Amino acid sequence: MTGKAQPVIGIIGMGDMGRMYAKRLKAGGIETIYVCDKPESYEQLKAELEGTGITPLRDGHAVSRLSDLIIYSVEAAAISAVVREYGPSTKLGAVVAGQTSVKAPEKEAFDRWLPEDVSVVSVHSLHGPSVTTEGQPLIIIHYRGPEDNVKMVEDVFRCFKSRYVHLSYEEHDMVTANTQAVTHAAFLTMGTAWKNSASYPWETTRYVSGIEVVKVNITLRIYAAKWHVYAGLALLNPSAQTQIQQYSRSVTELFKLMVEGMESELSERVWSAREKVFGWKRDEEGGEGGVGGGRAPILLKEDLLDQFSLGQKPAEAEGKANPNSHLSLLAMVDCWARLGIRPYEHLAVAGTPVFMLWIGVAEYLFRSTSLVASAISAGLSDRVHRSDDIEFVVGARGWSECVSFGNFDLYRRRFEESANFFAPRFEEATKLGGKMIKAIQDGQASTAGR
């Protein structure tokens, strides 16, 4: 931002994302940045930021009075209380943004507690603090105030080199629910099921190759993050609540068809879901047609994924595919079909590397008619994974009930029980998962360039 006076930036909330925002903006040339966290953290924050050029203040009142662009970087569950406390101190004519993952409570808080002369141009980076901002989607929401303020916000965040996506509050919550609610539920449930089975999946030799490697790595990456990252979406986004409840029903109903041997009904439901979500007919391999058009698959060859396994496949099992119902993925697509959701439609908006993996796992399975048929057959006859599937059904219903209660403490306890179980492998899985994402992206780029 050169050739004109820079706005003074204020950030209320110095968690992982607040810190990332402050440091990235400072490195990008923003001269004056005021930040604060909880008042009791002031001295610690002051010591941490000494010499960085970022100025910590004692509380949000001070930040709000001095800043031209104020960013609330707090948990969605806390946004109302924090804006209620500091919103009335907002500088006359300032622009306010919220960096929360769920916008419904943010919008309500801004309407209720901000002065009428304050503009709102909200933001949301659709990635975690450890992911580079470059090329990633940055949602910008112009809610109220002059259009010029949108340009000011775009100029401030130019140094992020992110891809701007302009949405309304309502569109934001719909997109994030449609891309994250069901996938979060699926992989959170996988972790709970494995924890309740008291077994690390990579030690059973059933989850150490191909598509299973992606399942394990995504699950561990999710549990390596902080619980509130997922709780806000699940408990405060009405669309997400509906989807998580439907996911639980899909898991339960598909599993009942499997154990009852209802081959015709199970097959019809799975193939129908495939066509509704991806656009491929029952006898059609996924490729040129369908919702995704001629786009290359997100996940490529399974042997590319094998190198990122946390476990080792026995020599006698090499070249042999373990039969697996892939209940988690069948239910994911069934849920999308039941609710009329086509996640491909949101790839251009929310196509972060991690989200691409989430949908890529399901896409990989459903692209192949032989893999779908094998999953159906395994669901009806395989007993090797049956105990895992039972734990998965129980886990999915447990997460659905947890969300329906709307209790953050219960959600946190449930999340942390599984997170603690997997904690010893978080660092290894995170590094391995990062390498896997890069390998997949490189493979996609190579395929696209041919």
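Modeller: Before we turn to this predicted model, one term is needed: a disulfide is a pair of cysteine sulfur atoms within 2.5 Å.

Biologist: With that cut-off in hand, how many disulfides does a search of the whole structure find?

Modeller: The search finds zero disulfides, and because a disulfide requires a pair of cysteine sulfur atoms within 2.5 Å, no pair in the structure meets that limit.

Biologist: What makes Cys335 count as buried or exposed, and what of Cys402?

Modeller: Buried means under 20% relative accessible area; Cys335 has a relative accessible area of 0% and is therefore buried, and Cys402, at 2%, is therefore counted as buried too.

Biologist: How much of the chain counts as buried, and how much area does the chain expose?

Modeller: Of the 450 residues, 55% count as buried, while the chain exposes about 18900 Å², with carbon and sulfur atoms supplying 50% of that area. The secondary structure comes to 19 helices and eight strands, and residues 24 or more positions apart account for 77% of the contacts with a separation of 6 or more.

Biologist: Which residues have the most contacts inside the largest nonpolar core?

Modeller: That core has 76 residues, and those with the most contacts inside it are Tyr247, Met332, Trp336, Phe366, Tyr411 and Phe415. Its largest share, 10 residues, is contributed by helix H7, which covers residues 169–196. There is also a second, separate core of 29 residues, among them Tyr21, Leu69, Val150 and Val153. As for Phe415, once neighbours within four places in sequence are left aside, its contacts include Leu188, Ile222, Trp227, Tyr230 and Trp399.

Biologist: Why is Thr90 called buried or exposed, and where is Thr90 found?

Modeller: Thr90 is found in the loop between helix H4 (79–86) and strand S5 (95–98). Its relative accessible area is 8%, and since the limit for buried is under 20%, Thr90 is buried. A polar atom of the Thr90 side chain lies 2.6 Å from the backbone oxygen of Gly87, and, leaving aside neighbours within four places in sequence, Thr90 is in contact with Ser64, Ile70, Val96, Leu114, Pro115 and Val118.

Biologist: What makes Gln6 buried or exposed?

Modeller: Gln6, found in the segment before strand S1 (9–12), has a relative accessible area of 19%, and because buried means under 20%, Gln6 is buried. A polar atom of its side chain lies 3.0 Å from the backbone oxygen of Gly29, and a polar atom of that side chain lies 2.8 Å from the backbone nitrogen of Glu31.

Biologist: How do you know what span to expect of helix H11, and what does H11 reach from its first C-alpha to its last?

Modeller: The expected span is 1.5 Å times one less than the number of residues; H11 (residues 263–278) has 16 residues and reaches 22 Å, close to the 22 Å expected. Buried residues in H11 include Leu266, Arg269, Val270, Trp271, Ala273, Arg274 and Val277. H11 is followed by Gly279, whose phi is positive, near 85°.

Biologist: What does helix H16 reach from its first C-alpha to its last, and which of its residues are buried?

Modeller: H16 (residues 369–381), with 13 residues, reaches 18 Å, close to the 18 Å expected at 1.5 Å a residue. In H16 the buried residues are Thr369, Val372, Ala375, Ile376, Ala378, Gly379 and Leu380. An α-helix has 3.6 residues a turn, so residues three or four places apart point the same way.

Conventions: Residues numbered from 1 in each chain as written. Predicted model: local features only at pLDDT ≥ 70, side-chain atom pairs only at ≥ 80, totals over all residues. Heavy atoms only, no water. Core = buried A, V, L, I, M, F, W, Y, C linked by side-chain atoms within 4.5 Å. Buried < 20%, exposed > 50% of the residue type's maximum accessible area, 1.4 Å probe, protein only. Helix = DSSP H or I, 4+ residues; strand = E, 2+ residues; numbered from the N terminus. Contact = heavy atoms within 4.5 Å. Polar contact = N/O pair within 3.5 Å; in protein donor to acceptor, adjacent residues only side chain to side chain. Areas by Shrake-Rupley, 256 points an atom, 1.4 Å probe, with all protein chains shown as cover.
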